[in-house]
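Visitor: I'd like a close look at a single part of this one. Could you walk me through it slowly?

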Amino acid sequence: MSADPDVYQKQGFGHAVAPKAPYALLIIDFVTGFADPLTFGGGNIAPAIECTRGLLDAARERGWPIVHTRVVYQDDSADANIFALKVPPILALREDAPQSQIVPQLQPASGELVLRKIHPSAFFGSSLASWLSQRGVQTLLIAGCTTSGCVRASVVDAMCHGFRPLVVTDCVGDRSLQAHEANLFDMEQKYATLMPRDAALHATEAAHGVPA
């Protein structure tokens, strides 16, 4: 059975929420393991990584707070959780494991927060919400993978913490394109604003009153 998209409009979902300054950028789990189709990658993750390069450059030029996340478990797996029970190979993502290192194209710069996590959401059990609040952030642009997993979980938690999530659609990816598309649709109806990279950068300039 296929859902009728019109039912969302009839019931009042999908209301537009405009970006509002100040902004920050969250790049979720673009590590080598998720870039590799033989590990956790595949689908459209590789193109999303390439598109995020320009997004990261623009965020740096504009002086936005920037956060990168990595999945990192203890070497002895003492912090194994239910996520690891569902996906046991995730425990291989340890501090020094090659698969857990941020991809070369998106290496963090000085002053950018690198957040280690063991849950899908970048917010759960972390200081991310307070770190963003301290910097006055209103709108959180989100890139990363996977769309149906850690991106979605972080989007929901961002909204719950009072931030305006802006999912940059060509900068998020999933090993399953079907899951990618379904979750983008659902997030747009319930939790976030969705824009491709260039439109997002234009909108955030316009919100500052800067000509695009």
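Is Tyr8 buried or exposed, and what is its relative accessible area?

Guide: Keep in mind that this is a predicted model. Tyr8 has a relative accessible area of 18%. The cut-off for buried is under 20%, so Tyr8 counts as buried.

Now look at what sits beside that ring. The structure holds 5 aromatic pairs, and one of them is Tyr8 with Phe185. When you describe a pair of aromatic rings, you give the distance of the centres and the angle of the planes. Here the centres are 5.1 Å apart and the planes stand at 90 degrees, so this pair is edge-to-face. Tyr8 belongs to helix α1 (residues 5-10), while Phe185 belongs to helix α7 (residues 177-190), so the two rings tie together parts that are 177 residues apart in sequence. Phe185 itself counts as partly exposed, with 31% relative accessibility. Phe13 joins in as well: ring pairs link Tyr8, Phe13 and Phe185 into a cluster.

Want some surroundings? Find the open sheet of 6 strands, which has parallel pairing and the order β3-β2-β1-β4-β5-β6. At its edges stand β3 (113-117) and β6 (193-195); each has a single partner strand, so one side of each has no neighbour in the sheet. On average, neighbouring strands here are turned by 25 degrees against each other, direction ignored. Zoom in on β4 (residues 139-145) and β5 (residues 164-173): they run parallel and are joined by 6 bridges. Leu140 stands opposite Pro165 in β5. Finally, helix α3 (residues 45-62) lies across β1, β2, β4 and β5, running at about 130 degrees to β5.

Notes: Residues are numbered from 1 along each chain as its sequence is written. This is a predicted model: local features need pLDDT of at least 70, side-chain atom pairs count only at pLDDT 80 or more; totals for chains, interfaces and linings use all residues. Side-chain values use heavy atoms; hydrogens and water are left out. Two strands pair if DSSP finds at least two bridges between them. Helices (H or I, at least four residues) and strands (E, at least two) are DSSP runs, numbered from the N terminus. Axes are lines fitted to C-alpha atoms, for helices over the stretch in contact, and angles run from 0 to 180 degrees between N-to-C directions. Contact means heavy atoms within 4.5 Å. Rings of Phe, Tyr and Trp (its six-membered ring) pair if their centres lie within 6.5 Å; planes under 30 degrees apart count as stacked, over 60 as edge-to-face and the rest as tilted. Buried means under 20% relative accessible area, exposed over 50%, partly exposed in between (1.4 Å probe, protein chains only).
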